Amino acid sequence: MKWLLIFICVATSWLSRAQAAQTGTVCLSAEERKLYDLIIAYRRSKKLPAIALSAKLTTVAQAHVRDLSEQYNNTDDNPCNPHSWSDKGQWTPCCYTGDHRQAACMWRKPLEIAAYEGNGYEIAYWSSAGANAVEGLEGWKKSAGHNPLLINSGTWKAVNWQAIGVGIYKEYAVVWFGEQPDNEQPELCR
C-alpha cells in the first residue's frame, strides 16, 4: 500500500509538470516552495524585505539542477564547479572554476535561457542523500560565500534583489537572484 501511495504521488507530480510544460507555465514542487519560504523567513529575521518569486529565474534554476544531476561530474579532479553548465542543453556550455574567471557565463544564463533582463547570481547545494530545503538553507547560512547573497551583506550589501528563482532536483538545489523584476510568478505543482 505504501508503494502504491508513493507511486500515485510521483505520477501526479509528473503529470502536473507535464501539463505545465505544455501550457508554458512554470511550477514549483512543494519542496521548492518550502525553500523559497524559508529564504524569505530568514531574510525577514534579518529585517530584510521579501524577494518576489520569478518564473524566469525558476526556469533557469530548474534547468540547472537537472543539468547538474544528469551531466555534472562531481569529483575532486573536476576543475569545473557546480555553477558550470554542460553542452547537453539549449544553452552555451561553460566551465566555472574557483578563480571566478568564467563568472560572466553563469551571470548571463537567465537572459540566454529565459529572456530575463539582467544578470543572475546563483548559489548551489549538493547532498548525496538528496537535496532538501532545510539542509540547503542551513548550509548556505553557514557559508561565507553564499550567506551574503541571502542577506545582502559584504559585496552584496548595496544590491536590491528584485527576483528569485529556485530549483531542487535529486541531489541538487540552486537559487538564482536577480536585480530586475519579473512579473511572472511560478505556480505550485499539484
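Q: Buried here means under 20% relative accessible area, with exposed over 50% and partly exposed in between (1.4 Å probe, protein chains only). What percentage of the residues in the protein is buried?
A: This is a predicted model, in which local features need pLDDT of at least 70, side-chain atom pairs count only at pLDDT 80 or more, and totals for chains, interfaces and linings use all residues. Residues are numbered from 1 along each chain as its sequence is written, and side-chain values use heavy atoms, without hydrogens and water. Of the 190 residues in the protein, the buried share is 45%.

Q: In what order do the helices and strands run?
A: Helices (H or I, at least four residues) and strands (E, at least two) are DSSP runs, numbered from the N terminus. The protein has seven helices and five strands. From the N terminus on, the order is α-β-α-α-α-α-β-α-α-β-β-β.

Q: Which element supplies the largest share of the largest nonpolar core?
A: A nonpolar core is a set of buried Ala, Val, Leu, Ile, Met, Phe, Trp, Tyr and Cys residues joined through side-chain atoms within 4.5 Å. The largest one has 27 residues. Elements that each supply at least two of its residues include strand S2 (120-126), helix H6 (133-142) and helix H2 (30-45). The largest share, five residues, comes from H2.

Q: Which residues of strand S3 (163-169) does Val 175 contact?
A: Contact means heavy atoms within 4.5 Å. Leaving aside neighbours within four places in sequence, Val 175 is in contact with residues including Leu 35, Ile 39 and Trp 140. Its contacts in S3 (163-169) are Ile 164, Gly 165 and Val 166.
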